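Student: I have a model open on my screen and would like to learn how to read it. Could you walk me through it step by step?

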Amino acid sequence: MARVVQAFVPLAPPTVTHNDLVAYVRANGRPGIRKSDRLREAEDALLPRLASLAPSSGPLSGPLRVTVRWCFPAAATRHAQGEPHVCRPDMSNMLKTLEDVMQRAGVIADDSMVVEERLSKAWMDPAGIFVRAEELS
């Protein structure tokens with residue numbers, strides 16, 4: 001039987017994405033690139049919320065469908081409830097960060113197993129992220 005994990009995570013969606021990297025110099029003098037502090041903080045905010053969704057029987061595996069709706073806070077803006085969010089950040093970069101955290105949290109075994117994605121973003125209250133991951137038979 002196919003397993004499903006679904007939840008609404010109530011927090012303002014992070015606007016920082018996996019592209020937020022910073023250059024640094026390693027101890028040996030060689031250059032490197034690492035995640036920015038903002039990106040680490042966003043991942044750290046998501047991790048415990050997504051870890052609470054991790055199946056006790058182990059991460060979802062096999063071909064997976066992931067559905068995500070990012071709900072950006074509408075009340076404090078001039079945007080109407082449900083109005084499409086047509087500004088940065090773009091969904092593909094937001095998804096990469098979210099899928100990486102879903103993997104770290106034990107919700108999915110590997111983000112390479114995602115074969116179908118349903119994505120949307122809008123101005124919506126309450127703010128948060130709706131996440132659904134399901135194994136496909």
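Tutor: Happily! Start with the inventory: the chain has 2 helices and 6 strands. Keep in mind that this is a predicted model.

Student: In what pattern do the helices and strands follow one another along the sequence?

Tutor: Going along the sequence, you meet β-β-β-α-β-α-β-β. As for overall dimensions, a box of roughly 50 × 45 × 25 Å, taken along the principal axes, holds the C-alpha atoms. The chain has 137 residues, and 41% of them count as buried.

Student: What share of the contacts between residues at least 6 apart in sequence joins residues at least 24 apart?

Tutor: That share is 80%. We will meet some separate examples when we look at single residues.

Student: Let's go inside, then. How do I read a nonpolar core?

Tutor: The general idea is that nonpolar side chains tend to be buried together in soluble globular proteins. Here, the largest nonpolar core contains 27 residues, and L50, W70, L98, M102, V107, I108 and I129 have the most contacts inside it. Two or more residues each come from strand 1 (4–9), helix 1 (37–51), strand 4 (64–72), helix 2 (91–104), strand 5 (114–123) and strand 6 (128–135).

Student: Which residues does M102 touch, beyond those up to four places away in sequence?

Tutor: M102 touches L50, V107, I108, V131 and A133. Try displaying those side chains together.

Student: Now the helices. At what angle do helix 1 and helix 2 pack?

Tutor: The angle is about 50°, and the two axes are 9 Å apart. Helix 1 and helix 2 are therefore oblique to each other. Their crossing is right-handed.

Student: Which residues of helix 1 and helix 2 meet?

Tutor: From helix 1, look at L39, E43, D44, L46, L47 and L50; from helix 2, their partners are T97, L98, V101, M102 and R104. Sorted by class, this contact has 7 nonpolar, 1 polar and 3 charged residues.

Student: How should I read a single residue in a strand? Is A7 buried or exposed?

Tutor: Ask where the residue sits, how accessible it is, and what it touches. A7 lies in strand 1. Its relative accessible area is 16%, so A7 counts as buried, the cut-off being under 20%. Setting aside neighbours within four places in sequence, A7 is in contact with L53, I129, F130 and V131. A7 and L50 are 43 residues apart in sequence, yet their C-alpha atoms are 8.9 Å apart in space.

Student: Let me try V22, in strand 2 (residues 21–25). What is its relative accessible area?

Tutor: V22 has a relative accessible area of 28%, so this valine is partly exposed. Beyond its neighbours within four places in sequence, V22 contacts G32, I33, R34, K35 and S36. For a distance to check on your screen, the C-alpha atoms of V22 and E41 are separated by 14 Å, with their positions 19 residues apart along the chain.

Student: And a lysine in a strand, such as K121 in strand 5: is K121 buried or exposed?

Tutor: K121 counts as buried, at 13% relative accessibility. Leaving out neighbours within four places in sequence, K121 is in contact with W70, F72, P84, H85, C87, P89, D90 and M91. Its C-alpha atom is 8.3 Å from that of V68, which is 53 residues away along the chain.

Student: P89 is in that list. Where does P89 lie?

Tutor: P89 is in the loop between strand 4 and helix 2. Look at the backbone there, too. As a general rule, most peptide bonds are trans. The bond from R88 to P89, however, is cis, with omega near 0°.

Student: Which residues does the cis peptide bond with omega of about 5° join?

Tutor: That cis bond joins D125 and P126. You will find P126 in the loop between strand 5 and strand 6.

Conventions
Residues numbered from 1 in each chain as written. Predicted model: local features only at pLDDT ≥ 70, side-chain atom pairs only at ≥ 80, totals over all residues. Heavy atoms only, no water. Core = buried A, V, L, I, M, F, W, Y, C linked by side-chain atoms within 4.5 Å. Buried < 20%, exposed > 50% of the residue type's maximum accessible area, 1.4 Å probe, protein only. Helix = DSSP H or I, 4+ residues; strand = E, 2+ residues; numbered from the N terminus. Contact = heavy atoms within 4.5 Å. Axes fitted to C-alpha atoms, helices over the stretch in contact; angles between N-to-C directions. Parallel < 35°, antiparallel > 145°, perpendicular 65-115°, else oblique. Left-handed = near helix turned anticlockwise from the far one by under 90°. Nonpolar A, V, L, I, M, F, W, Y, C, P; charged D, E, K, R; others polar.
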